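Visitor: I should like to learn how to read the features of a structural model. Could the discussion begin with the exposure of a side chain and its charged contacts?

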Amino acid sequence: MWYHSGRKKPVCDEGEGRSQVQKTWKVGTLNVHSILNKTSGVITHLEEQNCDVCLIQETYLKQSDSAKLQEIKDYGWNIYSSPRAVRSGGGIGVLYRDGVTVNLKQMNKSFKSFQVQEVLVGTGDDLTRLCNVYRPPYTGKARFTESHFLEEFTEYLADLSLKTGYPLLMGDFNFHVHDLSNLYTKKLLGLLDSFGYDQLVPILPTHVRGGTLDLVICPKERIDNVRSVAVVPDGTTSDHHLVLAELQLKTMPAEFRTRREAETYRDFKSIDIEIFRQLLSEIDWSDLMQITSVEAAIRLYSEKLESVVEKTVTLKK
């Protein structure tokens, strides 16, 4: 698919494919509605469900909450915390067990209508980029509508297509996807389809008051790698339920690997913006206008942009 065209492949010995083994990760998403007052309950609930990694929203954590971060470590878990930059509340984080390797990736852009956090799991043989998304509902303090979110989320998905690893988006979107007659539900699902994604959470309440608000979004070509998506009644005092999925990753025994390729990334800070703009202005879009297939058009569009990025943005390890 178009959003994986730049993904690096590992160097393997002949016959190495036969030595690949499947590893199952249990990954979850949960709006904890403040982990400050329910750390023990959240972690106990995750351990009861054998969860390895959980993307959490509304952590209410601040940069100064070092004692709470240490408490999480004392329970045998770790967290990448991303507090809300303005106002109290909010915040997102990635909880993961001791012994589980999770690599936090730097975000080059922030958005007004939602928070997002990305981590890589797996190996160079089969990397997955877990994307933790939290869109707060419209309030007097957060005056960002569904339309504003859809505009920014379109930009985010386009940027995500150029990154290493297969994307798997999970989080609290505050979209009522159970209501297929809802205008913004239609727009969100249509947007996902245009980018080659499916929403996998069954139409069941993920909130105590009803509604499927917490989503798992996966590329269509990777659906077979994301199994047993289920809504688990929350064992904490949160008003959201835990959503769990089994992520299948292929791993390669070390003795069969000639070299593990180091992860690479594009250093967008090094870009010469004038050259970038010039190359963009020189793109010939005429062939794009003749394509009738949406997927083919998106693929070609992505390839043209990737070509400019490869010429102007330094690749680093």
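Guide: The structure shown is a predicted model. Exposure is read from the relative accessible area, and a residue between 20% and 50% is called partly exposed. D159 falls in that class, with a relative accessible area of 34%.

Visitor: Which residue does D159 meet in a salt bridge?

Guide: The partner of D159 is K163, with 3.4 Å from N to O. K163 counts as buried because its relative accessibility is 18%, and the cut-off for that class is under 20%. Shared partners extend the arrangement: salt bridges join E118, R129, D159 and K163 into one network.

Visitor: How far apart are the closest N and O atoms of K163 and E118?

Guide: They are 3.1 Å apart, and the pair forms a salt bridge. K163 lies in the loop between α3 (146-160) and β8 (166-172), whereas E118 belongs to strand β6 (residues 115-121), so this contact ties together parts that are 45 residues apart in sequence. Both K163 and E118 are buried.

Visitor: What parts does the salt bridge between R222 and D126 tie together?

Guide: The closest N and O atoms of R222 and D126 are 3.1 Å apart. R222 lies in the loop between β10 (214-219) and β11 (226-232) and D126 in the loop between β6 and β7 (128-134), so the pair ties together parts that are 96 residues apart in sequence. R222 is buried, as is D126.

Visitor: How many salt bridges does a search of the whole structure find?

Guide: The search finds nine.

Visitor: How many disulfides are found in the whole structure?

Guide: In general, a disulfide is a covalent bond between the sulfur atoms of two cysteines. Here the search of the whole structure finds zero disulfides. As for individual cysteines, C131 counts as buried at 0% relative accessibility, and C218 counts as buried at 1%.

Visitor: C218 brings me to enclosed space. Which residues line the largest cavity?

Guide: A cavity is a space where a probe fits but cannot get out. Two cavities of 30 Å³ or more are found in the whole structure, and the largest holds about 40 Å³ of space. Its lining consists of T128, Y166, P167, L168, C218, R222, N225, V226 and L247. R222, described above as a partner of D126 in a salt bridge, is thus also one of the lining residues. By type, the lining divides into six nonpolar residues, two polar and one charged.

Visitor: Which element gives the largest share of that lining?

Guide: Strand β8 does, with three residues.

Visitor: How should an open pocket be read, and what is the volume of the second largest pocket?

Guide: A pocket, unlike a cavity, is an open set of points. The second largest pocket has a volume of about 490 Å³. It is lined by 22 residues, of which A85, S110, F111, F114 and Q115 are the closest to its centre. The lining comprises 11 nonpolar, five polar and six charged residues.

Visitor: Which residues have the most contacts inside the largest nonpolar core?

Guide: A nonpolar core is a set of buried residues joined through side-chain atoms. The largest one in this model has 24 residues, and V27, V53, L168, V216 and V226 have the most contacts inside it. Two or more residues come from each of β1 (21-31), β2 (53-57), β4 (92-97), β6, β8, β10, β11 and β12 (242-251). The greatest contribution is that of β12, with four residues. L168 and V226 also appear in the lining of the largest cavity.

Visitor: Which residues have a positive phi although they are not glycines?

Guide: S34 is one of them, with a phi of about 90°. S34 is placed in the loop between β1 and α1 (39-48), and it counts as buried at 7% relative accessibility. Another is S228, with a positive phi of about 50°, and S228 lies in strand β11.

Visitor: Finally, how far apart are T154 and L192 in sequence and in space?

Guide: T154 and L192 are 38 residues apart in sequence, while their C-alpha atoms are 8.9 Å apart in space. T154 is in helix α3 and is partly exposed, with a relative accessible area of 30%.

Conventions:
Residues numbered from 1 in each chain as written. Predicted model: local features only at pLDDT ≥ 70, side-chain atom pairs only at ≥ 80, totals over all residues. Heavy atoms only, no water. Salt bridge = Lys/Arg side-chain N within 4 Å of Asp/Glu carboxyl O. Buried < 20%, exposed > 50% of the residue type's maximum accessible area, 1.4 Å probe, protein only. Disulfide = S-S within 2.5 Å. 1 Å grid on protein atoms, 1.4 Å probe; cavity = no way out; pocket = protein on both sides within 12 Å on 5 of 7 lines; lining within 4 Å. Points joined across faces, edges and corners; volume = space filled by probe spheres on them. Nonpolar A, V, L, I, M, F, W, Y, C, P; charged D, E, K, R; others polar. Core = buried A, V, L, I, M, F, W, Y, C linked by side-chain atoms within 4.5 Å.
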